[in-house]
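Let's take a walk through this one together. Have the viewer open and a way to pick residues, and we'll go from the whole chain down to single positions.

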Amino acid sequence: MKITNICCIGAGYVGGPTMAVIAQKCPHIKVTVVDLNEERIARWNDENVDNIPVYEPGLGQIVAHSRGKNLFFSTEVDKAIDEAQIIFISVNTPTKTYGSGKGMAADLKYIELCARQIARVSKNDKIVVEKSTLPVRTAEAIKSILDNTGNGVQFQILSNPEFLAEGTAVEDLLSPDRVLIGGDTSQEGQRAIQSLVDVYANWVPRERILTTNVWSSELSKLTANAFLAQRVSSINAMSELCEKTGANVNEVAKAIGMDSRIGPKFLKASVGFGGSCFQKDILNLVYISKSFGLNEVADYWEQVIIMNDHQKRRFSKNIVSTLYNTIADKKIAFLGWAFKKDTNDTRESAAIYVADDLINEQAKIAVYDPKVDYKQVISDLNYLETRSDDQNKKLVTSYNDVYEACANSHAIAVLTEWDEFKNYDWQKIYDSMQKPAFVFDGRNLLDAQKIKEIGFIYQEIGS
Ligand code: UDX
Ligand code: ADP
């Protein structure tokens with residue numbers, strides 16, 4: 001089937017950038033991204049591309065290039081489904097916050113709603129592509145809904161997991177290490193796979209497009225994220241040992257990373273990993289393993305999460321003990337709130353958990369992040385349900401100016417590795433702070449020697 005019309009349900013961090021790149025690379029395909037959230041769609045359509053809801057370096061230009069030509073953002077979900085030959089599902093699949101599997105299993109209610117809507121609207125055969133991260137065998141559930149509630153049309157379900165990392169989404173989409181497409185082994189299934197392969201082949205070399213069965217594809221996504229997260233937890237585990245023994249984790253990471261079997265990437269010790277994928281995917285893996293009675297497998301992967309929680313808690317505990325065991329009423333400036341640099345996404349950011357611990361100790365938190373606003377900071381804290389909205393607002397403020405955020409503070413905590421933090425006038429910051437002035441660098445980002453020479457008491461992870 002020659003593809004000329006694609007729709008994507010969900011205009012978030014995955015759907016938006018992915019479809020923008022497909023539209024740019026496939027000018028012959030009409031790409032429509034739909035979402036129930038009217039405000040989000042309005043922002044994707046904002047004349048000024050600086051206002052699109054997802055911050056990613058380079059994304060604005062890509063959107064500007066195709067928007068209104070072959071790339072459209074709309075709330076008319078039914079119309080887009082009806083017209084499309086391929087429908088990508090890129091809706092959110094958060095960890096369940098209720099019922100069985102609470103805190104572990106993926107909440108598939110948005111996926112199911114999409115499947116029912118596709119079944120109701122479709123009048124001709126369609127290829128449905130799972131893009132959201134999903135537990136293994138979700139494609140089967142989608143197929144069952146489509147086949148049993150549809151208008152008798154044929155659906156092929158493909159799994160095409162997203163491997164882009166936020167902050168480098170455009171780069172990752174333009175030259176992916178690999179594109180993975182899982183589908184049914186039947187002839188129809190293979191034909192559907194080929195249609196999607198042909199879309200990607202417009203810019204991705206064929207040898208980088210892998211095809212597998214649906215379940216291998218679904219499980220590969222969870223496995224990739226589990227392996228990556230495991231590397232971060234492994235180096236973070238060593239960071240604590242380095243602190244006790246006098247070793248330096250940056251030196252250890254460099255030394256082991258030069259072993260070509262280990263490799264240098266993803267060995268940066270930090271205050272802990274965040275983001276919408278790592279924790280969620282590992283919890284999924286743990287839940288699935290347990291449900292098959294594979295308790296050792298489940299425990300093995302759960303340890304990656306336990307280590308990560310420990311790393312965040314250890315960071316906040318160290319702030320309290322270093323500041324003479326009391327931080328009540330002390331102003332602590334947070335540099336960064338996003339879960340990593342170059343994104344405005346804050347989901348599962350370590351900053352949220354560190355702030356929550358420090359607020360419990362009645363500290364006053366002053367946040368500065370170049371891309372995250374106050375509303376988001378408060379909403380993230382409220383989501384934890386530790387205390388009321390009013391109480392969070394009383395102790396947490398945010399600033400548009402980093403020097404104001406740091407003025408009169410007792411300590412600075414670096415939570416995100418934004419490049420601009422390195423280039424501030426640190427002498428000016430020092431002069432405006434309470435003394436002794438502390439910096440807790442959760443990203444080992446700053447120039448330690450320079451910071452110490454100014455007079456700061458500087459602590460980093462793993463040394
Ligand atoms: C991840 C996967 O990398 C991507 O392939 C998948 O599609 C989605 O999940 P993402 O969550 O966007 O991407 O970010 P990633 O770069 O993987 O970082 C995750 C977290 O780990 C961040 O909080 C980051 O700061 C942290 N991290 C990463 C470290 O602490 N140290 C490292 O060495 C690397
Ligand atoms: P991700 O990181 O996976 O892209 P996001 O939360 O950024 O997750 O985006 C998911 C988007 O999917 C949200 O904008 C949400 O409004 C949208 N969405 C969820 N369910 C539906 C649905 N049934 N129809 C249309 N859009 C939906």
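What follows starts with the overall fold and then moves through a handful of local spots.

First, a caveat to keep in mind: this is a predicted model. The chain has 18 helices and 14 strands. How does its radius of gyration sit against that of a compact globule? For 463 residues a compact globule would come out near 23 Å, and the chain has 23 Å, so the two agree. If you'd rather think in boxes, the C-alpha atoms fill one of roughly 70 × 50 × 45 Å along the principal axes.

Of the 463 residues, 52% count as buried. Sequence-distant pairs carry much of the contact list: residues 24 or more positions apart account for 75% of the contacts with a separation of 6 or more. On the outside, the accessible surface comes to about 20,900 Å², and 50% of that belongs to carbon and sulfur atoms. As for charge, there are 52 positive and 60 negative side chains, and the centres of the two sets lie 1 Å apart.

Now zoom in on the C-terminal part. An unreviewed UniProt entry places the feature "domain: UDP-glucose/GDP-mannose dehydrogenase C-terminal" at residues 333-448. Over that stretch the chain is 35% helix and 16% strand, and its end C-alpha atoms are 18 Å apart.

A good element to pick out here is helix α13, residues 350-360. Is it enclosed or open to the outside? Since 9 of its 11 residues are buried, α13 is largely enclosed by the rest of the structure. The buried residues are Ala350, Ala351, Ile352, Val354, Ala355, Asp356, Asp357, Leu358 and Ile359, so the list takes in two aspartates among its members. The cover over these buried residues includes helices α12, α14 (374-383) and α15 (389-395), along with strands β9, β10 (364-368) and β11 (396-398). Just after α13, Gln362 takes a positive phi of about 65°.

Two residues of α13 lead us to the next stop, as Ala351 and Val354 both touch Leu415. Leu415 is in the loop between β12 (411-414) and α17 (426-432). Despite the loop address, Leu415 counts as buried because its relative accessibility is 1%, well within the under 20% cut-off. Leaving out residues up to four places away in sequence, Leu415 also touches Val271, Phe315, Phe334, Leu335, Gly336 and Arg443. For a sense of scale, the C-alpha atoms of Leu415 and Glu166 are separated by 17 Å, with their positions 249 residues apart along the chain.

Next, some backbone geometry worth checking in your torsion plots. Most residues other than glycine have a negative phi, and most peptide bonds are trans. Against that background, the peptide bond from Lys435 to Pro436 is cis, with omega near -5°. Pro436 is in the loop between α17 and β13 (438-441). Asn444 has a positive phi of about 45° without being a glycine, and its place is the loop between β13 and α18 (448-454). Asn325 is another non-glycine with a positive phi, this time about 65°, and it sits in the loop between α12 (295-322) and β9 (331-335). Which of the two words, buried or exposed, fits Asn325? At 58% relative accessibility, Asn325 counts as exposed, whereas Asn444, at 11%, counts as buried.

Finally, two acidic positions outside the annotated stretch. Asp281 is in helix α11, residues 278-291, and it counts as buried because its relative accessibility is 0%. Setting aside neighbours within four places in sequence, Asp281 is in contact with Thr133, Lys221, Leu222 and Asn225. Asp281 and Gly167 are 114 residues apart in sequence and 19 Å apart in space, C-alpha to C-alpha.

Glu76 is in the loop between β3 (71-74) and α4 (77-83), and with a relative accessible area of 48% it is partly exposed. To close the loop with α13, measure across to Asp357: the C-alpha atoms of Glu76 and Asp357 are separated by 43 Å, and the two are 281 residues apart along the chain.

How values were computed. Residues are numbered from 1 along each chain as its sequence is written. Chains are lettered from A and ligands numbered from 1 in the order in which they are written. This is a predicted model: local features need pLDDT of at least 70, side-chain atom pairs count only at pLDDT 80 or more; totals for chains, interfaces and linings use all residues. Side-chain values use heavy atoms; hydrogens and water are left out. Helices (H or I, at least four residues) and strands (E, at least two) are DSSP runs, numbered from the N terminus. The radius of gyration is taken over C-alpha atoms; the globule rule is 2.2 Å times the number of residues to the power 0.38. Buried means under 20% relative accessible area, exposed over 50%, partly exposed in between (1.4 Å probe, protein chains only). Contact means heavy atoms within 4.5 Å. Accessible areas come from the Shrake-Rupley method with a 1.4 Å probe; for residues, only the protein chains shown count as cover. Lys and Arg count as positive and Asp and Glu as negative; His and the chain ends are not counted. The place of a charge is taken as NZ of Lys, CZ of Arg, CG of Asp or CD of Glu. UniProt positions are given in the numbering used here, feature names are shortened, and annotations may be inferred rather than shown by experiment.
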